[in-house]
Amino acid sequence: MGRITLQGVAKSFGDVEVIPPLNLEIEDGEFVVFVGPSGCGKSTLLRLIAGLEDVTGGDIEIDGRNVSTVPPAKRGLAMVFQSYALYPHMSVRKNIAFPMRMAKMDQAEQDKRVAHAANILNLTDYLDRRPGQLSGGQRQRVAIGRAIVREPAAFLFDEPLSNLDAALRHGMRVEIGELHKSLATTMIYVTHDQIEAMTMADKIVVLRAGHIEQVGSPLELYRTPRNLFVAGFIGSPTMNLFEGPEAARHGAHTIGVRPEHLMPSATGSDGSWRGRVGLSEHLGSDTFLHVHDTGLAETITVRAGGEIDLRHGDTVYLTPEADKIHRFDAQGLRLA
Ligand code: ADP
Ligand code: MG
């Protein structure tokens, strides 16, 4: 089991309040991602849950048990860090078994759990190697193996893929997603990367300056961001935002249109915006047009089909999909 409840959890370092009191429910088996810009308190929140930091207010419950003052080793959680923290002189087998050896677990049980974890993580052929003889992705898997053998109530990941190159990161993202499906154990995953959040999460928690800005499924956040911060943070390339007369026409202070909800064409129609193509990035599958001189914003980003035939300097007309226009008030809050 791994149901985790935070009630009024707060954290200050000295006089500096890093996490104002917040509430959060994490269901058993859920994959929850904490996402937000660097310094917003993601790691601190995770470390509070792990018990590596003491709360300065509020309560943390795991499966109904208040663990706020329980030491980390007794919370039944396993943490995986960005730096793998493997022992270089020990074999993969010994690294994975390490927490069980510390707990003086029966040797046969240790062997069974190591074999099981190695099998899940495709490490069976590498058990006698040292970490230095492994790739970055394999080392990260060893660190995850060491978490798996503890059979935790929940896994806590702090930016585990940040040290890997882009191709490996994508591969590991898929592996961790599949691991979650096969273990069905609660996972809390911290990242500043909204693409990781969108692709991995059942539930995303968007944080800014220690505040929860919004909690929801990836599609909820994409479709109905509650404020301008979430609107700008979730989605890639980011949402185009417009103020002034164009927003006022829609009864809003600011309107937002995602690049994929603007239809480019060479001829105008009612309600379309006229501009000039600056840079066009042809990715094969998609083309990103950077459109200038619309009088609405310095640059409007448009996501078009891969084979659209528009070039630098061309005149282009953009038509927003009427039901995909996001409206915000002067405080940046979403209007219904
Ligand atoms: P994130 O993981 O989102 O990048 P952190 O949780 O690491 O952010 O940090 C949040 C804020 O708390 C930052 O302003 C950071 O400087 C501060 N902070 C973190 N740990 C400590 C500490 N031990 N002492 C003082 N300030 C800290
Ligand atoms: Mg961090």
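Two strands pair if DSSP finds at least two bridges between them. In this predicted model, strand β7 (residues 154-158) and strand β8 (residues 186-191) are paired in the parallel sense, over 5 bridges. Within that pairing, Phe155 stands opposite Met187 in β8.

**Overall layout**

The protein chain has 336 residues, and 49% of them count as buried. Its secondary structure comes to 9 helices and 18 strands. Along the principal axes, the C-alpha atoms fill a box of roughly 75 × 45 × 30 Å. Take the contacts between residues at least 6 apart in sequence: 63% of these join residues at least 24 apart.

**The six-stranded sheet**

β7 and β8 belong to an open sheet of 6 strands. The order is β6-β7-β8-β3-β9-β10, and the pairing is mixed. Two strands sit at the edges, β6 (77-80) and β10 (211-216), and each pairs on one side only. From one strand to the next, the twist averages 15°.

At the β10 end, the pairing sense is antiparallel: β9 and β10 share 5 bridges. Ile204 has Gly216 in β10 as its bridge partner. The hairpin of β9 and β10 has 2 residues between the strands. In that hairpin, Ala209 takes a positive phi near 45°.

**Helices across the sheet**

Helix α1 (residues 42-50) lies across β3 (31-35), β6, β7, β8 and β9 (203-208). Its direction is at about 150° to β7. Is α1 mostly covered or mostly uncovered? It is mostly covered, with 7 of its 9 residues buried. The buried residues are Lys42, Thr44, Leu45, Leu46, Leu48, Ile49 and Ala50. Gly51 follows α1 and has a positive phi, near 95°.

Helix α4 also contacts the sheet. It lies across β6 and β7 and runs at about 170° to β6.

**The α4 and α5 pair**

How do the axes of α4 and α5 cross, and at what angle? The axes of α4 (residues 136-148) and α5 (residues 166-183) come within 11 Å and cross at roughly 20°. Angles under 35 degrees count as roughly parallel, so α4 is roughly parallel to α5. The crossing of α4 and α5 is right-handed.

From α4, the contact uses Gly136, Gly137, Gln140, Arg141, Ile144 and Ile148. From α5, it uses Leu168, Met172, Glu175, Ile176, Leu179 and Leu183. By class, the residues of this contact divide into 7 nonpolar, 3 polar and 2 charged.

Arg169 is also in helix α5. Its C-alpha is 8.2 Å from that of Gly137, with their positions 32 residues apart in sequence. Beyond its neighbours within four places in sequence, Arg169 is in contact with Leu161, Ser162, Leu164 and Glu196. Arg169 counts as partly exposed because its relative accessibility is 28%.

**Backbone exceptions**

Most residues other than glycine have a negative phi, and most peptide bonds are trans. Several sites here depart from that pattern. The table lists three positive phi values in residues other than glycine.

| Residue | Phi | Place |
|---|---|---|
| Asp63 | near 50° | loop between β4 (57-62) and β5 (65-66) |
| Ala209 | near 45° | hairpin of β9 and β10 |
| Asp293 | about 60° | loop between β15 (286-292) and β16 (300-305) |

The two aspartates fall into separate exposure classes. Which class does Asp63 belong to? Asp63 counts as partly exposed because its relative accessibility is 35%. Asp293, at 55% relative accessibility, counts as exposed; the cut-off for that class is over 50%.

There is also a cis peptide bond. Where is it? It joins Ser236 and Pro237, with omega at about -10°. Pro237 is found in the loop between α8 (228-233) and β11 (240-243).

**In brief**

The sheet of 6 strands is open and mixed. Helix α1 lies across five of its strands, namely β3, β6, β7, β8 and β9, while α4 lies across β6 and β7. α4 in turn meets α5 in a right-handed crossing.

How values were computed. Residues numbered from 1 in each chain as written. Chains lettered and ligands numbered in written order. Predicted model: local features only at pLDDT ≥ 70, side-chain atom pairs only at ≥ 80, totals over all residues. Heavy atoms only, no water. Axes fitted to C-alpha atoms, helices over the stretch in contact; angles between N-to-C directions. Helix = DSSP H or I, 4+ residues; strand = E, 2+ residues; numbered from the N terminus. Parallel < 35°, antiparallel > 145°, perpendicular 65-115°, else oblique. Left-handed = near helix turned anticlockwise from the far one by under 90°. Contact = heavy atoms within 4.5 Å. Nonpolar A, V, L, I, M, F, W, Y, C, P; charged D, E, K, R; others polar. Buried < 20%, exposed > 50% of the residue type's maximum accessible area, 1.4 Å probe, protein only.
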